Amino acid sequence: MDRIFTLDEARTLLPGVIEDARAVISARADLAEIDHDRRTRGRSELGGLPELKGLQARIEEILSGWSEQGIEVKGIAPVLVDFPSELDGVSVRLCWIEGERELGWYHRTELGFAGRRPL
């Protein structure tokens with residue numbers, strides 16, 4: 001989907017993204033713990049293969065939902081998403097990373113995260 005977001009549209013979607021990101025963060029931590037415990041102790045208090053597969057499926061469901069909305073997923077550790085947009089006729093990405101409370105950054109499309117600037 002080649003959706004172009006206005007700043008207002010992206011900011012309207014952000015609370016849902018943040019809520020979903022919390023679920024990804026929790027699942028990511030559980031995945032890491034289950035995997036580590038299974039490799040080092042042979043078992044995990046959080047479960048086994050079925051729980052691992054369930055957590056992976058939940059993360060994929062959230063990421064797919066974002067993608068279907070036109071939101072670009074750039075990473076999950078940390079969670080990093082971009083909203084394709086235009087500012088002053090220039091292709092940009094409105095950029096949000098895990099831990100931020102609002103959508104306050106952008107970067108030119110071709111520059112990526114290293115080119116982040118405050119809105």
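In this predicted model, the structure holds one aromatic pair. The rings of Phe-5 and Phe-83 have their centres 5.2 Å apart and their planes at 90 degrees, so the arrangement is edge-to-face. Phe-5 belongs to the segment before α1 whereas Phe-83 belongs to strand β2, and the pair therefore ties together parts of the chain that are 78 residues apart in sequence. Both of these phenylalanines are buried.

**The strands**

The strand that carries Phe-83 is largely enclosed by the rest of the structure, because seven of the nine residues of β2 are buried. On one side of the pairing scheme, β1 and β2 run in the antiparallel sense and are joined over four bridges, forming a hairpin with two residues between the strands. Strand β2 also pairs with β3, again in the antiparallel sense, over eight bridges. In this second hairpin, which likewise has two residues between its strands, Asp-88 takes a positive phi near 55 degrees. The two pairings, each with one of its bridges, are set out below.

| Strand pair | Sense | Bridges | One bridge pair |
|---|---|---|---|
| β1 and β2 | antiparallel | four | Ile-76 with Val-79 |
| β2 and β3 | antiparallel | eight | Leu-87 with Val-90 |

**The nonpolar core**

The largest nonpolar core has 25 residues, and those with the most contacts inside it are Val-17, Trp-66, Ile-71, Val-81, Phe-83, Trp-96 and Leu-103. The elements that give two or more residues to this core are α1, α2, β2 and β3, and of these α1 gives the most, with nine residues. In soluble globular proteins, nonpolar side chains tend to be buried together.

Which residues does Val-81 contact, leaving aside its neighbours within four places in sequence? The partners of Val-81 are Val-17, Trp-66, Ile-71, Glu-72, Val-73, Lys-74, Leu-94, Cys-95 and Trp-96. Among them, Val-17, Trp-66, Ile-71 and Trp-96 are also listed, together with Val-81, as residues with the most contacts inside the core.

**Helix α2**

Trp-66 leads from the core to helix α2, where it is one of the buried residues. This helix spans residues 49-68, and its 20 residues reach 28 Å from the first C-alpha to the last, close to the 28 Å expected at 1.5 Å a residue. The buried residues of α2 are Leu-52, Leu-55, Ile-59, Ile-62, Leu-63 and Trp-66. Because these residues cover an arc of only 100 degrees around the axis, they are placed on the same side of α2. What covers them includes α1 (7-41), β1 (72-76) and β2 (79-87), whereas on the other side of the helix Pro-50 and Glu-68 are exposed. Just after α2, Gly-70 takes a positive phi of about 95 degrees.

**The loop before α2**

Is Glu-45 buried or exposed? Glu-45, which has its place in the loop between α1 and α2, counts as exposed because its relative accessibility is 60%, and the cut-off for that class is over 50%. From C-alpha to C-alpha, Glu-45 lies 44 Å from Ser-85 in space, while the two residues are 40 residues apart in sequence.

Terms used. Residues numbered from 1 in each chain as written. Predicted model: local features only at pLDDT ≥ 70, side-chain atom pairs only at ≥ 80, totals over all residues. Heavy atoms only, no water. Expected span 1.5 Å × (residues − 1). Buried < 20%, exposed > 50% of the residue type's maximum accessible area, 1.4 Å probe, protein only. Arc of directions from axis to C-beta. Contact = heavy atoms within 4.5 Å. Core = buried A, V, L, I, M, F, W, Y, C linked by side-chain atoms within 4.5 Å. Phe/Tyr/Trp six-rings, centres within 6.5 Å; stacked < 30°, edge-to-face > 60°. Pairing = 2+ DSSP bridges.
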